[in-house]
Amino acid sequence: MDSSRFDTDALVRSVFHDDYGLEASKLEALYSKSKRHQWNAELDVDWKQFAPDAQILDPKRDILSRLGCVRELPDGTRRKLYREAAIFTLSQVLHGEQAALMTCGQLVNAVPDVEGKFSAAVQVMDEARHIEVFARYLALLGHYYPIDPDLQAIVQQLLSERDWEAKCVGMQVILESVALGFFRLGVEMSEEPVLRQFIGRVHEDESRHVAYGVLTLEERIPQLDESTRERLENFAYDAVCRIAGRARPSFTTQMRALQAAGIDAASFFPKLIAEFSNPEGIDFTGLADPIVDTVIPNLIRVGLVPERHLRGYLAQGFRIDLASGVLEDVHTFHPDARKARAELEAQGQSASRPW
Ligand SMILES: [Fe+2]
Ligand SMILES: [Fe+2]
């Protein structure tokens, strides 16, 4: 399927409400802050500082640098692989920004109160700026990769959901939290001077977007009836599965990055799969994972991680204690994670669908 363009039918339930009284709420304060923090991707970044030969992201905190099959590559090839992997990641960020722009445009229609519409509207401008800044940056890097099929599937689902709550969970809490985690890391990992200039500003914007989702849903979720809430819980679980890739790793588009780095995929790929399917040998120390650091904690906070999903999360290596709110990344090879997978299988379920 051609992923360079896809169309999605979207039926948004649009709400007009003639209540313009802005309350001194947390959302109104957020909107006010957003207005003060606008910046210009064209003029506020010194694009002339671009260093074409610089490393884009420091590979030490990328899982690739922890793999035996990568370490044994010749120096030049390894350096190219890190570069292509960074371009791959930034390309997904760019596509994610377009998805955010489109979904948030729908939220302007769909959220019922005026403060929510204002916050979504200013976020639309933020996302347009993010698309601009990453598109300009990838043009300097020379090329970009197509949208990853899992990201595309989530985006199409979000756009076609009719109710704003599902859009808000999928975009504002899950995808925005992934973006926030990536940008937080990017502030430390970026080495190329132009990327270093703007990534912190994008990070600031994204933290407001996540705050919008969390504030809105914290209030809304407790008001939902049980079946709507269960559907949202399952929707959230499914999205985490797709993004975390722990229940079903996806390497489809990464193959192109390997080829661009000049690596013979036929001999390299089996080694890569072998290391990922038996990850005991990988040193995960100091690696950040947005799913653990931001996504699941925010889902817990808005009340979308139910008791009935805990075994599924554990099967993916996420041990959650709802009473204390503590989340531990034990990884898929932990005996408890293996046990959880076996128990699910015995019941005809799986880590990607524990219900
Ligand atoms: Fe963004
Ligand atoms: Fe955003």
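What spacing do the donors of the iron ion (ligand 2) follow along the chain? In this predicted model, the donors are arranged as E-x48-E-x29-E-x2-H. The residues concerned are E127, E176, E206 and H209, with E176 listed twice through OE atoms, and the coordination distances run from 2.0 to 2.3 Å. The glutamates contribute OE atoms, whereas H209 contributes ND1. A second iron ion, ligand 1, is placed 3.1 Å from ligand 2, and E127 coordinates both ions.

Two of these donors belong to one helix. E206 and H209 are both located in α7, which spans residues 193–220, and their separation of three residues corresponds to about one turn of the helix. E206 has a relative accessibility of 1% and therefore counts as buried, the limit being under 20%. H209, with a relative accessible area of 3%, is likewise buried because its value falls under that 20% limit.

Charged side chains were examined next. Side chains of opposite charge can pair when their charged atoms come close. The count of salt bridges in the model comes to 24. One of them joins D126 to R129, with 2.7 Å between the closest N and O atoms. Both residues lie in helix α4, three residues apart, or about one turn of the helix. D126 has a relative accessible area of 0% and is buried; R129, at 2% relative accessibility, also counts as buried.

Other pairs have partners that are exposed or partly exposed. R5 and D7 meet through their side chains in a salt bridge with an N to O distance of 2.9 Å, and both residues are exposed. In the salt bridge between R319 and E328, the N to O distance is 3.2 Å. R319 is partly exposed, with a relative accessible area of 29%, and E328 is partly exposed at 42%. Beyond individual pairs, D126, R129, D205 and R208 are joined into one network by salt bridges that share partners.

A negative patch is also present on the surface, formed by D18, D19, E23, D113 and E219. Within this group, D113 is situated in the loop between α3 (75–110) and α4 (114–141). The relative accessibility of D113 is 31%, so this residue counts as partly exposed, the class between 20% and 50%.

Technical notes: Residues are numbered from 1 along each chain as its sequence is written. Chains are lettered from A and ligands numbered from 1 in the order in which they are written. This is a predicted model: local features need pLDDT of at least 70, side-chain atom pairs count only at pLDDT 80 or more; totals for chains, interfaces and linings use all residues. Side-chain values use heavy atoms; hydrogens and water are left out. Donors are N, O and S atoms within 2.8 Å of the metal (3.2 Å for Na, K and Ca); water is not among the atoms, so sites may look incomplete. Helices (H or I, at least four residues) and strands (E, at least two) are DSSP runs, numbered from the N terminus. Buried means under 20% relative accessible area, exposed over 50%, partly exposed in between (1.4 Å probe, protein chains only). Patches are made of residues with over 30% relative accessible area and no salt bridge: like charges are joined within 9 Å, nonpolar side chains (Val, Leu, Ile, Met, Phe, Trp, Tyr) within 5 Å. Accessible areas come from the Shrake-Rupley method with a 1.4 Å probe; for residues, only the protein chains shown count as cover. A salt bridge is a side-chain nitrogen of Lys or Arg within 4 Å of a carboxyl oxygen of Asp or Glu. Lys and Arg count as positive and Asp and Glu as negative; His and the chain ends are not counted. The place of a charge is taken as NZ of Lys, CZ of Arg, CG of Asp or CD of Glu.
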